[in-house]
Amino acid sequence: MSTIFWASTKKGDFAGLKKLYPGRVNVFDEDTPYNHLDPMGNNLQTHPSSISRLLLHGDDVLPGTADFLADIIYLLYRGHGVYDGSEEYPTWSEVSSYISAIKPKDNMTKYYRTMLRTKLRLLSETFGPALSYRKGLDLRHTVSANTVFKQSLDMPPSIRRFHLLSILTWLFNYRRRFSFEAISEMQLVVLCIDDSAEVFDSRLERKGDLPPIFELVTMARQYRIGFVCATQIPELLGRAIWDNHGTTICFRLPGMESRKKVGEVLG
């Protein structure tokens, strides 16, 4: 059974793979046109809530902030006729403009507006024009191909986490549509995550509700999705990924806590 590799990295040494294996490796970066608001076959009713939760995951905001954002995406979906079959999906800049136009009538709305404007500004500064497309990168064309998602060194950890989790969540949702018999015949997908402690940060598992990361990694195994994690600070990896990943690569163990964690895992 062949294996598909999907890698997420900050390194710039993967472009050669595309030349070495023409037609067999995709390489995408933060300049690749992308629209997280395009459900790409995911449930239209649940996608606004799901993407809002992923965007705010790890931020210390009031729980209602994600619901507030999801309601705005619902409104824009309706305004663009998405629920009537249109593929004119809203962009993040339209979401930001809608939020900026809101006149807060109470302190709670003012809080939501302030938090979301800050988050969306950071998202826009990171991806720039790549987020201006209604139909960007369609992951449905990559399900059977080796793919590298390259992210710049300047990308803030929270935005990197959101972008990566939105991609992985889509892959997870795509596979869960099939019967377990059909999944057993599919190629194994191995997700190689560089600097994985930024994504699977143990502190995120201490939030009040179970984070999307926990759900993703604890259920991925049954959908033939595995993880290879590379990190220099293994003690920051959360319990969920420690229990469910296949391989951890520690290039450097700078402190006693790192060595203690590796010793504990390796026995």
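These legends walk you through close-up views of a predicted model.

**View 1. The largest cavity and the residues around it.** Let's start with empty space inside the protein. A search of the whole structure turns up two cavities of 30 Å³ or more, and the largest holds about 70 Å³ of space. Its lining includes the aromatic residues Phe-28, Tyr-34, Phe-127 and Phe-149. You can also find Asp-29, Glu-30 and Lys-150 there, along with Thr-32, Gln-151 and His-163. Leu-137 and Met-155 complete the list. Sorted by class, this lining has six nonpolar, three polar and three charged residues.

**View 2. The second largest cavity.** Here the volume is about 40 Å³. The residues that line this cavity are Trp-6, Ala-7, Ser-8, Phe-149, Leu-164, Ile-167, Leu-168, Leu-191 and Ile-193. Strand S1 (3-9), helix H6 (157-175) and strand S4 (188-193) are the elements that each give two or more residues to the lining. By class, eight of the lining residues are nonpolar and one is polar, with no charged residues.

**View 3. An aromatic cluster of Trp-6, Phe-28 and Phe-149.** You have met these names before. Phe-28 is one of the residues lining the largest cavity, and Trp-6 is one of those lining the second largest. Phe-149 appears in the lining of the largest cavity and in that of the second largest cavity too. In this view, look for the three side chains as members of one aromatic cluster.

**View 4. A stacked pair, Phe-180 and Tyr-223.** The whole structure has 12 aromatic pairs, and this is one of them. The ring centres of Phe-180 and Tyr-223 are 5.9 Å apart and their planes meet at 25 degrees, so the pair counts as stacked. Phe-180 sits in helix H7 (residues 180-184), while Tyr-223 is in the loop between helix H8 (212-219) and strand S5 (225-231), so the pair ties together parts that are 43 residues apart in sequence. Are the two partners buried or exposed? Phe-180 counts as exposed because its relative accessibility is 51%, whereas Tyr-223, at 6%, counts as buried.

**View 5. Helix H2, largely enclosed by the rest of the structure.** Why is helix H2 (residues 47-56) described as largely enclosed? Seven of its 10 residues are buried, so the rest of the structure largely encloses this helix. The buried residues are His-47, Pro-48, Ile-51, Ser-52, Leu-54, Leu-55 and Leu-56. Follow the chain onward from H2 and you reach Gly-58, which has a positive phi near 95 degrees.

Note on methods: Residues are numbered from 1 along each chain as its sequence is written. This is a predicted model: local features need pLDDT of at least 70, side-chain atom pairs count only at pLDDT 80 or more; totals for chains, interfaces and linings use all residues. Side-chain values use heavy atoms; hydrogens and water are left out. On a 1 Å grid over the protein atoms alone, a cavity is a set of points where a 1.4 Å probe fits but cannot get out, and a pocket is an open set with protein on both sides within 12 Å along at least five of seven lines; lining residues have an atom within 4 Å of a point. Grid points are joined across faces, edges and corners, and a volume is the space filled by probe spheres set on the points. Ala, Val, Leu, Ile, Met, Phe, Trp, Tyr, Cys and Pro count as nonpolar, Asp, Glu, Lys and Arg as charged, and the others, Gly among them, as polar. Helices (H or I, at least four residues) and strands (E, at least two) are DSSP runs, numbered from the N terminus. Buried means under 20% relative accessible area, exposed over 50%, partly exposed in between (1.4 Å probe, protein chains only). Rings of Phe, Tyr and Trp (its six-membered ring) pair if their centres lie within 6.5 Å; planes under 30 degrees apart count as stacked, over 60 as edge-to-face and the rest as tilted.
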